[in-house]
Amino acid sequence: MSTSEYSPGLAGVVAFETEIAEPDRDGGSLRYRGVDIEELVGHVHFEQVWGLLVDESLEPGLPAANCELDVRTGGHMSDLQAALAILSGRWKLGQLIDIDVEEAREDLRRLSAAALSIVAQSARGADKPLVPEATVLEGATAAERFLLAWRGEVDEGHAKAIDTYWICTAEHGMNASTFTARTVASTGADCGAALSAAVGALSGPLHGGAPARVLPMLDAVAELGDAEKWVEQALARKERIMGFGHRVYRAEDPRSRLLKQTAKELGSPRVEVAEALEQAAHEAIAKKNPDHSYTNVEFWSAIVLDAAEVPPALAPAMFACSRTAGWSAHVLEQKRLGVLVRPSARYVGPGSRSLQSIG
């Protein structure tokens, strides 16, 4: 593709070289700095995966933190976005253009740890007293501390579900929110600005919001009692069946495979209906588009988060918690690159004309 060729949405345009993650388009694998995620789930925890992505080392990883949410907006994502921007000022974070990589890494560690705490407190709500910091920090893992800050207690199955989900969704290349984080970082802004902007990009339903739309679909299938019939009717109405197809993978999404396994291990009551819908939809979609007939990460994410009793409205913020790892890694990679992100636009408006010609 030439530098002047137009690609809507920058589709297919290679803007960066990265060492962070490698989605295997045809092999159905995802590797974080060369390590397959199937080797990570169940063997290490999210906070260590954060370290792998950001530092290429499991240690020290993401620190324990308990950061009070003192400004509530009425939404989980807006709570997180606002809080990250506030912390930039409160902590007097240096701008990336003025600080070294080590200081930037430490800023990102603090912000990422705070993000998990902020979302947990947003989920808890303003009507309940804060869980004491000493209680929260008793959690052995980031997922346990999240549950303690949210509910004041830990359910081992729920912690496993959240940990697995966070690992599977920690990083996935140049999506909209990651591109946003890199773009803001490229301007030399501080790390809080980059992460806050990324949260804004993630808040849209086309990137991060689909899991919240899967459960109503499963409920409809369960009510009808016939997955094949439901799929047939949905396609006849030209409705989109959420959780199928992916822009990257042409084989099974490896994250979906791991999350499905986790849903079964946790004994989710939705597995039977989900598998019936997965099979029926796969067969129906494959007749028209075989490359987009497999379930993606969003389908089984919804079921795993539901098994952890995470309400659908909280799903995008849970995604943001996990993606702090990928965003942080890309912010550091962009700092090292030191190039301003500035794509071009092709003007297609009116030619030269006078002011008087405009009615």
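**View A. Phe46, Trp50, Leu53 and Val54 of helix α2 meet Cys321, Ser322, Thr324, Ala325, Gly326, Ser328, Ala329 and Leu332 of helix α15.** Contact here means heavy atoms within 4.5 Å. By class, eight residues of the contact between α2 and α15 are nonpolar, four are polar and none is charged. In this classing, Ala, Val, Leu, Ile, Met, Phe, Trp, Tyr, Cys and Pro are nonpolar, Asp, Glu, Lys and Arg are charged, and the others, Gly among them, are polar. The model is predicted, with local features needing pLDDT of at least 70 and side-chain atom pairs pLDDT 80 or more, while totals for chains, interfaces and linings use all residues. Residues are numbered from 1 along each chain as its sequence is written, and side-chain values use heavy atoms, without hydrogens and water. The axes of α2 (residues 46-55) and α15 come within 8 Å and cross at roughly 20 degrees. That angle makes α2 roughly parallel to α15 (under 35 degrees; over 145 is roughly antiparallel, 65 to 115 roughly perpendicular, the rest oblique). Axes are lines fitted to C-alpha atoms, for helices over the stretch in contact, with angles from 0 to 180 degrees between N-to-C directions. The crossing of α2 past α15 is right-handed, that is, the near helix is turned clockwise from the far one by less than a right angle (anticlockwise would be left-handed). Helices (H or I, at least four residues) and strands (E, at least two) are DSSP runs, numbered from the N terminus.

**View B. Tyr32, Phe46, Phe146, Trp166, Leu277, Phe299 and Met318 touch the most other members of the largest nonpolar core, which has 103 residues.** Helix α15 (residues 315-337) gives the most to this core, with 11 residues. Such a core is a set of buried Ala, Val, Leu, Ile, Met, Phe, Trp, Tyr and Cys residues joined through side-chain atoms within 4.5 Å. Buried means under 20% relative accessible area and exposed over 50%, with partly exposed in between (1.4 Å probe, protein chains only). Trp166 touches Phe46, Leu116, Ala142, Ala143, Phe146, Met318, Cys321 and Ser322, leaving out residues up to four places away in sequence.

**View C. Helices α6 (residues 142-151) and α7 (residues 156-168) have axes that come within 8 Å and cross at roughly 120 degrees.** This angle makes α6 oblique to α7. The way α6 passes α7 is a right-handed crossing. From α6, Ala142, Ala143, Glu144, Phe146, Leu147 and Arg151 take part, and they meet His158, Ala159, Ile162, Asp163 and Trp166 in α7. Seven residues of this contact of α6 with α7 are nonpolar, one is polar and three are charged.

**View D. The axes of helix α11 (residues 227-236) and helix α13 (residues 271-286) cross at roughly 45 degrees and come within 8 Å.** The two helices α11 and α13 are therefore oblique to each other, and α11 passes α13 in a right-handed crossing. The contact involves Ala227, Glu228, Trp230, Val231 and Leu235 of α11, together with Ala276, Leu277, Ala280, Ala281 and Ala284 of α13. By class, this contact of α11 with α13 has nine nonpolar residues, no polar ones and one charged. Glu272 is also placed in α13, and at 67% relative accessibility Glu272 counts as exposed. Its C-alpha atom is separated by 9.5 Å from that of Ala222, and the two residues are 50 apart along the chain.

**View E. Ser88 lies in helix α3.** With 8% relative accessibility, Ser88 counts as buried. Beyond its neighbours within four places in sequence, Ser88 is in contact with Leu93, Asp190, Gly192 and Ala193. The C-alpha atoms of Ser88 and Asp190 are separated by 7.3 Å, although the residues are 102 apart along the chain.

**View F. Helix α8 (residues 176-186) has Ser177, Thr178, Ala181, Arg182, Val184, Ala185 and Ser186 as its buried residues.** The cover over the buried residues of α8 includes α9 (191-202) and α15. Just after α8, Gly188 takes a positive phi of about 90 degrees.

**View G. Backbone details in loops: a cis peptide bond joins Glu59 and Pro60, with omega about 5 degrees.** Pro60 is in the loop between α2 and α3 (76-90). Lys92, in the loop between α3 and α4 (101-124), has a positive phi near 55 degrees while being a residue other than glycine. Lys92 is exposed, with a relative accessible area of 72%. Glu309 is in the loop between α14 (297-307) and α15; it is not a glycine, yet has a positive phi of about 60 degrees. At 54% relative accessibility, Glu309 counts as exposed.
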